[in-house]
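Good morning, colleagues. Please take a moment with the sequence and the structure before I begin.

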Amino acid sequence: MRAMNPLTHRCSPKKKAWQALVAPALAWASPGYCAPAPSPWSWTELWSDPGMDALLLLLAALFWAVAHVWALLVVWAEARATRSGGTGTATEPPRI
């Protein structure tokens, strides 16, 4: 059985020679070979340090704790400031 378009599988000798020259050159000059030399210091190395995960987790937990304590403090202060006199603790009127 023949393919739908048999011309696509034919390759000219000129193209075959070109592919024969290009393939070894690409195999020799791999992307790793062409990459620039690594710098002595980089942000990538700093952020990929194994201890950095623990530090970032600690900073996130600290932020979470401070934000929640602050929210509770604000709610407590608002409740205290707006407490009615019927609860047994009379609030003084503001002095001008």
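**Surface character of the model**

Let me begin with one residue: Glu45 is partly exposed, as its relative accessible area is 47%. I should state at once that this is a predicted model. Glu45 lies in helix H3. Leaving aside residues up to four places away in sequence, Glu45 touches Ser39 and Pro40.

Let me now turn to the overall architecture. The protein contains four helices and zero strands, and from the N terminus the order of its elements is α-α-α-α. The chain has 96 residues, of which 2% count as buried. The accessible surface amounts to about 9,400 Å². Carbon and sulfur atoms hold 71% of that accessible surface.

Where, then, is the nonpolar surface patch, and which residues make it? Ten names belong here: Trp41, Trp43, Leu46, Trp47, Leu55, Leu56, Leu58, Leu59, Leu62 and Val66 form a patch of about 1,100 Å². Two elements each give two or more residues to this patch, namely helix H3, spanning 43–47, and helix H4, spanning 50–81. Helix H4 gives the most, with six residues.

I would close with one member of the patch, Leu56, which is found in helix H4. Is Leu56 buried, exposed or partly exposed? Its relative accessibility is 38%, so Leu56 counts as partly exposed, given that this class lies between the 20% limit for buried and the 50% limit for exposed. Glu45, in helix H3, is likewise partly exposed, at 47%. Thank you for your attention.

Key. Residues are numbered from 1 along each chain as its sequence is written. This is a predicted model: local features need pLDDT of at least 70, side-chain atom pairs count only at pLDDT 80 or more; totals for chains, interfaces and linings use all residues. Side-chain values use heavy atoms; hydrogens and water are left out. Patches are made of residues with over 30% relative accessible area and no salt bridge: like charges are joined within 9 Å, nonpolar side chains (Val, Leu, Ile, Met, Phe, Trp, Tyr) within 5 Å. Accessible areas come from the Shrake-Rupley method with a 1.4 Å probe; for residues, only the protein chains shown count as cover. A salt bridge is a side-chain nitrogen of Lys or Arg within 4 Å of a carboxyl oxygen of Asp or Glu. Buried means under 20% relative accessible area, exposed over 50%, partly exposed in between (1.4 Å probe, protein chains only). Contact means heavy atoms within 4.5 Å.
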